[in-house]
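Reader: I should be grateful for a close look at one part of this model, followed outward into its surroundings.

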Amino acid sequence: MKDTFYITTPIYYVNDYPHIGHAYTTVAADVLARYHRQRGKKVHFLTGTDEHGQKIEKAAQKKGESPIELADRVVGRFEGLWEALNISHNDFIRTSQDRHKQGALDFFQRCLDQGDIYEGEYEGWYSVNDEEFLTETHIAELGKDIENDPNIVRLKESTYFFRLSKYQDQLLQHIESHPHFIAPESRKNEVISFIKQGLKDLSISRTSFSWGIPLPNNSKHVLYVWFDALSNYITALDFHNQGKLYQEFWPANVHLVGKDILRFHAIFWPIFLMSAGLPLPEQIFAHGWWTVEGQKMSKSKGNFVDPFAFVDQYGRDAFRYFLLREFSFGQDGNFAQENFVARLNADLANELGNLVSRSLSMLEKYRDGKIPPQPSSSELSEWIAEQAQKYQQCIEEKKFDQAFANIWKIFARANQYIEQKQPWSLAKDPASSTALDQVLYELMEVIRMGSALIYPIMPDLSTAIRDKLSLTPIECTVGKDFLTQELNWGLSVSGSPTKKGSSLFMRIES
Ligand code: ME8
């Protein structure tokens, strides 16, 4: 098994402030990064910002500042959000950095040397918002009104084209022979049918504005922003120097993206890589789209969900959990305040919060807060091991909602176990002392294992629970599968002190 894991998010445009959609992809990547670290892999987790192009230039002009001033200002907002959400990225790339510009040009040069780039003239439509060349069919598909859409412009400019068409068959073969290359399956089928309609050569340089990376062979041109942006996945690994990171981590294990930018990642990016003679990433996973209270988020509606506000009010772990638990990764979903509150109350306050607080209260009351002796057998251990196995399989397949549902089955079962065993009755009869020890020990084991299972999604909570059990936080050591170790039954040490402390979650009154 490969002992490294390289995961990326899209690099986000700096024309706007981050919202729930950006948080979604980045939290998902963080969960996978933490999960693999916890299992002993050497992880590299990259995120960053996409700062060049016409869209950014235009946004800066509107605000009366230079593009780099705009980028410098907005980038702090993204970095601040990742800190607020406890994102554990190893690197943050900005496409305005020299390391990126050098690497992007090396990448371009390789394709040029390969004979895949030729000079010509592009005449047609361009969406500044999506930084995308549009065909008439595409415009019709999107239902755009060219005449009245200020973001769609007519271009007629000299350009360098990339021979996409040359790689069409090779790409289809790659997709067929690597069944997990594009996921989920439904998205893969969309990409395949798009390719089969025939790929047109792609314009990869622009001349009608200047905010970009000038081409080495013709400085009147700047690199098309998507060629520039996609190359971040290797430039951040010190591709320019063929450095240690590049050697160690390329090809990526997974590029997480939203469905809006799948074509760029599943068609352009692999083809550029083929041309440059570089290996392709293992997987491109496209997740679905959030709407808010049933509506698309937009500036005109002013309905962006601000992640900072939710983190401030409900805590970062609760927000992280909600994002990935609410609907399956790959599908579209809707954000409704009411569902957010209901989810937090049911899963966090009632199921998990209650389990921890009543178990530790009973331990305090009946056993002076000390973990009882380990029983000779366990009623729950086998079943829990099965659920934990299912959880791991779901995480590996990026089925986050199901993964967490499996953990919550364990908590629900433990709560039922309390009802069934009635420790308060056992405590009344000295002859039931061993039976009571067993119940309390089993509960401590569930909570201990639970703290390891929830670590990737709720790292603070994991640490807080472990602290109550006098356990150190989850270890992430390369080469050591800490999760598997923690899932062994019987690691709670008899006589260890526990502390009930304050509640983990308070019910939210709507
Ligand atoms: O496209 N629901 O950047 P971007 C879910 N710079 N996810 C959403 C979302 C929503 N409503 N809105 C945004 C770009 N996202 C390019 C990428 S990569 C080489 C260059 C997330 O700032 C989702 O991941 O428009 C989507 O793909 C990404 O933000 C787009 O971010």
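Which residue of S2 is the bridge partner of Phe5? Please start from that pair and describe the sheet, the ligand site and the neighbouring elements in connection with it.

Author: The model is predicted, and what follows should be read in that light. The bridge partner of Phe5 in S2 is Val43. This pair belongs to the contact between S1 and S2, which run parallel to one another over eight bridges.

The two strands are part of an open sheet of six strands, arranged in the order S3-S2-S1-S11-S12-S7 with parallel pairing. Its edges are formed by strand S3 (91–94) and strand S7 (182–183), each of which pairs on one side only. In that order, S1 stands between S2 and S11. As a general point, side chains in a regular strand alternate between the two faces of the sheet.

S1 also leads to the ligand. With four residues, S1 gives the most to the shell around the ligand. Helix H1 (20–38), helix H8 (225–230) and helix H9 (232–235), like strand S1 (4–13), each supply at least two residues of that shell. The ligand has 23 residues around it, and those that come nearest are Ile11, Thr25, Asp50, Asp260 and Trp290. Sorted by class, the shell consists of 12 nonpolar, nine polar and two charged residues.

Several polar backbone atoms approach the ligand. A polar backbone atom of Ile11 is 2.8 Å from a ligand nitrogen atom. For Tyr13, a backbone N or O atom lies 3.0 Å from an oxygen atom of the ligand. Gly21 has a polar backbone atom 3.5 Å from a nitrogen atom of the ligand. The ligand taken alone exposes 670 Å², of which the protein buries 94%.

Helix H1, one of the suppliers of the shell, also holds Thr26. Thr26 is classed as buried because its relative accessibility is 0%. Leaving aside residues up to four places away in sequence, Thr26 touches Thr9, Tyr12, Phe45, Trp82 and Ile87. Along the chain, Thr26 and Glu338 are 312 residues apart, and their C-alpha atoms are separated by 24 Å.

S1 and S2 appear again in the cover of helix H2. In H2 (residues 54–63), the buried residues are Gln54, Lys55, Ile56, Glu57, Ala59 and Ala60. Their cover includes S1, strand S2 (42–50), helix H3 (67–84), strand S4 (117–127) and strand S9 (205–206). Gly64 follows H2 and has a positive phi near 70°.

S4, one of the elements covering H2, has pairings of its own. With strand S6 (residues 152–162), S4 pairs in the antiparallel sense over 11 bridges, and Trp125 has Arg154 as its bridge partner in S6. With strand S5 (residues 132–134), S4 again pairs in the antiparallel sense, here over three bridges. Ser127 has Glu132 as its bridge partner in S5. S4 and S5 form a hairpin with four residues between them, and Glu131 in the turn has a positive phi of about 50°.

Returning to the edge strand S3 (91–94), one may turn to His100, a residue of helix H4 (residues 98–113). His100 counts as buried because its relative accessibility is 0%. Not counting residues up to four places away in sequence, His100 touches Ile93, Arg94, Thr95, Ile213, Asp228, Ser231, Asn232 and Thr235.

At the other edge, S7 (182–183) is followed by the loop to helix H7 (185–196), which contains Pro184. Ala183 and Pro184 are joined by a cis peptide bond with omega of about -5°. A cis peptide bond also joins Trp250 and Pro251, with omega of about 5°. Pro251 lies in the loop between helix H10 (244–249) and strand S11 (254–258).

The loop between H9 and H10 contains Asp238 and also Gln242. Asp238 has a positive phi near 65°, although the residue is not glycine. Gln242 likewise has a positive phi in a residue other than glycine, near 50°. Asp238 counts as partly exposed because its relative accessibility is 30%, and Gln242 is partly exposed as well, with a relative accessible area of 33%.

Definitions and conventions
Residues numbered from 1 in each chain as written. Predicted model: local features only at pLDDT ≥ 70, side-chain atom pairs only at ≥ 80, totals over all residues. Heavy atoms only, no water. Near = heavy atom within 4 Å. Polar contact = N/O pair within 3.5 Å; in protein donor to acceptor, adjacent residues only side chain to side chain. Areas by Shrake-Rupley, 256 points an atom, 1.4 Å probe, with all protein chains shown as cover. Nonpolar A, V, L, I, M, F, W, Y, C, P; charged D, E, K, R; others polar. Buried < 20%, exposed > 50% of the residue type's maximum accessible area, 1.4 Å probe, protein only. Contact = heavy atoms within 4.5 Å. Pairing = 2+ DSSP bridges.
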